[in-house]
Amino acid sequence: MPAPDIPAALHQALALAESAIGLTDPNPRVGCVILSADGAVLGAGHTQPAGQAHAEIMALRDAASRGHDLRGATAVVTLEPCSHQGRTPPCCDALIAAGIARVVAAIEDPNPEVAGRGLARMRAAGIAVELADADLADAAREINIGFFSRMQRARPFVRLKSAISLDGRTALPDGRSQWITGAAARTDGHAWRRRAGAVLTGIGTVLADDPRMDVRLVPTAKQPLRIILDPQGRMPAAARILQPPGEVRVVGPGRADLAALLTELGTQGINELHVEAGPTLSGAFIDAGLVDELLVYQAPMLIGEGRPLAQLAALAGLDEARRWRRVEATAVGQDLRLRFRPT
């Protein structure tokens, strides 16, 4: 009898978790696949919107709908099954009750209310429990990088997005920037917006471009919260960003502390914060050391005089420059998608 292909099942579970992006926040995106002793898929599922079934429950329901007996089966899941009573019962208890014999989790849950307790409870019930190899654990963490940030740092993962020319300009001197990048890159940018619990911009961008800042070029189950920093109370009542769909929050005078704002957003369940702003606000986030990832679309054009990606504090020497490591370089249409994280 062939043994279950655990890496293949984990890749399937990771794909299920990816399909939950834009659906589950503030809960993590999780996928689960249940295998028979000979490796056949008995059930599969991913996490539903907050307050509804988690991935393990969806996979158990899927298997039950097909009439499968799960005693002796293996559950492969991208995140440790939860062990606490929240809006739904503990998933580890459901796996125990179903007679699952083995559980392979890609990574432990960073939530302090779980943090290994789900694995321990299943071991105590006689289930063989394993963790995946490091590469699969890394992939599982990337899908939920914002959830890990909120659990471990009490603030969202901050991704700052910009579109630039080959000579590093984001707009003409008068602020015109539509469009530096092509249609494929703009659609791709909306897919990254969809990942976020909130999209943030400044009043300068609202006044200059009158953007909507919603997700409309890719399908999504829910819209991220839109946040506008407006320290001088200049928000026009007719601004497009204030219109449906989705919720909008205007952060007005007296709320200029970006670090405090991130802490507040963490308490409100925002896992990923997507920043699309002009050079002043972008520079403020970078200078404060609050950017976890730069998402840069570079177009094959030269602009000359124009606005930079970020207005940063002057340096005394190059040895003071912030260093970033490239984590991705991918062609998107005629443009290039680059992602960098601090070294």
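# Exercises on a predicted model

Arg216 lies in the loop between α8 (203–209) and β9 (225–229). The model is predicted. Each exercise below gives a task, then a solution in steps.

## Exercise 1: Arg216 and its partners

Task: Classify Arg216 as buried, partly exposed or exposed, then list its contacts beyond four places in sequence.

Solution.
Step 1. The relative accessibility of Arg216 is 39%. Partly exposed covers the range between 20% and 50%. Arg216 therefore counts as partly exposed.
Step 2. Leave aside the neighbours within four places in sequence. Arg216 is then in contact with His190 and Arg193.

## Exercise 2: Arg193 and the annotated site

Task: Locate Arg193, classify its burial, and find which residues UniProt annotates along with it.

Solution.
Step 1. Arg193 is found in helix α7, which spans residues 183–195.
Step 2. Its relative accessibility is 9%. The cut-off for buried is under 20%, so Arg193 counts as buried.
Step 3. Beyond four places in sequence, Arg193 contacts Val199, Met213, Asp214, Val215, Arg216, Pro224, His274 and Glu276.
Step 4. Now turn to the record. An unreviewed UniProt entry places the feature "binding site" at Ser177, Arg193, Arg216 and Glu276. The lining of the largest pocket includes Ser177, Arg193, Arg216 and Glu276.
Step 5. Combine steps 3 and 4. Arg216 and Glu276 are among the contacts of Arg193, and both carry the annotation.

## Exercise 3: A longer annotated list

Task: Which residues does UniProt list for "binding site" alongside Thr205 and Pro279, and how far apart in space do the listed residues reach?

Solution.
Step 1. The unreviewed entry lists Ala163, Trp179, Thr205, Asp209, Gly278, Pro279, Thr280, Leu281, Ser282, Gly283 and Ala284.
Step 2. These residues spread over 122 residues of sequence. In space they reach up to 24.4 Å between C-alpha atoms.
Step 3. Check the pocket. From this list, the lining of the largest pocket includes Ala163, Trp179, Thr205, Asp209, Gly278, Pro279, Thr280, Leu281 and Ala284.
Step 4. Take Thr205. This residue is found in helix α8. Its relative accessible area is 14%, so Thr205 is buried. Beyond four places in sequence, Thr205 contacts Asp210, Pro211, Met213, Ala277 and Gly278. Gly278 is also on the UniProt list.
Step 5. Take Pro279. This residue is found in helix α10, residues 279–287. At 17% relative accessibility, Pro279 counts as buried. With neighbours within four places left aside, Pro279 contacts Pro308, Leu309, Ala310 and Gln311.

## Exercise 4: Three loop residues

Task: Place Asn27, Thr181 and Gly246 between their flanking elements, then classify each by accessibility.

Solution.
Step 1. Asn27 lies in the loop between α1 and β1 (31–35). Its relative accessible area is 18%, so Asn27 is buried. Beyond four places in sequence, Asn27 is in contact with Ala50, Gly51, His54, Arg87 and Asn271. Asn27 and Thr78 are 51 residues apart along the chain, and 13 Å separates their C-alpha atoms.
Step 2. Thr181 lies in the loop between β7 (169–171) and α7. Its relative accessibility is 9%, so Thr181 counts as buried. Residues up to four places away do not count here. Thr181 then touches Ala163, Arg186, Tyr297, Ala299 and Asp335. Of these, Ala163 appears in the list of Exercise 3.
Step 3. Gly246 sits in the loop between β9 and β10 (248–251). At 43% relative accessibility, Gly246 counts as partly exposed. Beyond four places in sequence, Gly246 touches Gln223 and Arg226. Gly246 and Thr205 are 41 residues apart along the chain, with 19 Å between their C-alpha atoms.

## Exercise 5: Helix α1 against helix α5

Task: Are helices α1 and α5 roughly parallel or roughly antiparallel, and which residues meet?

Solution.
Step 1. Helix α1 covers residues 6–18, and helix α5 covers residues 134–143. Their axes come within 10 Å and cross at roughly 10°.
Step 2. Angles under 35 degrees count as roughly parallel. Helix α1 is therefore roughly parallel to α5.
Step 3. From α1, the contact takes in Pro7, Leu10, His11, Leu14, Ala17 and Glu18. From α5, it takes in Leu136, Ala139, Ala140 and Ile143.
Step 4. Sort the residues of this contact by type. Eight are nonpolar, one is polar and one is charged.

Note on methods:
Residues are numbered from 1 along each chain as its sequence is written. This is a predicted model: local features need pLDDT of at least 70, side-chain atom pairs count only at pLDDT 80 or more; totals for chains, interfaces and linings use all residues. Side-chain values use heavy atoms; hydrogens and water are left out. Axes are lines fitted to C-alpha atoms, for helices over the stretch in contact, and angles run from 0 to 180 degrees between N-to-C directions. Helices (H or I, at least four residues) and strands (E, at least two) are DSSP runs, numbered from the N terminus. Angles under 35 degrees count as roughly parallel, over 145 as roughly antiparallel, 65 to 115 as roughly perpendicular and the rest as oblique. Contact means heavy atoms within 4.5 Å. Ala, Val, Leu, Ile, Met, Phe, Trp, Tyr, Cys and Pro count as nonpolar, Asp, Glu, Lys and Arg as charged, and the others, Gly among them, as polar. UniProt positions are given in the numbering used here, feature names are shortened, and annotations may be inferred rather than shown by experiment. On a 1 Å grid over the protein atoms alone, a cavity is a set of points where a 1.4 Å probe fits but cannot get out, and a pocket is an open set with protein on both sides within 12 Å along at least five of seven lines; lining residues have an atom within 4 Å of a point. Buried means under 20% relative accessible area, exposed over 50%, partly exposed in between (1.4 Å probe, protein chains only).
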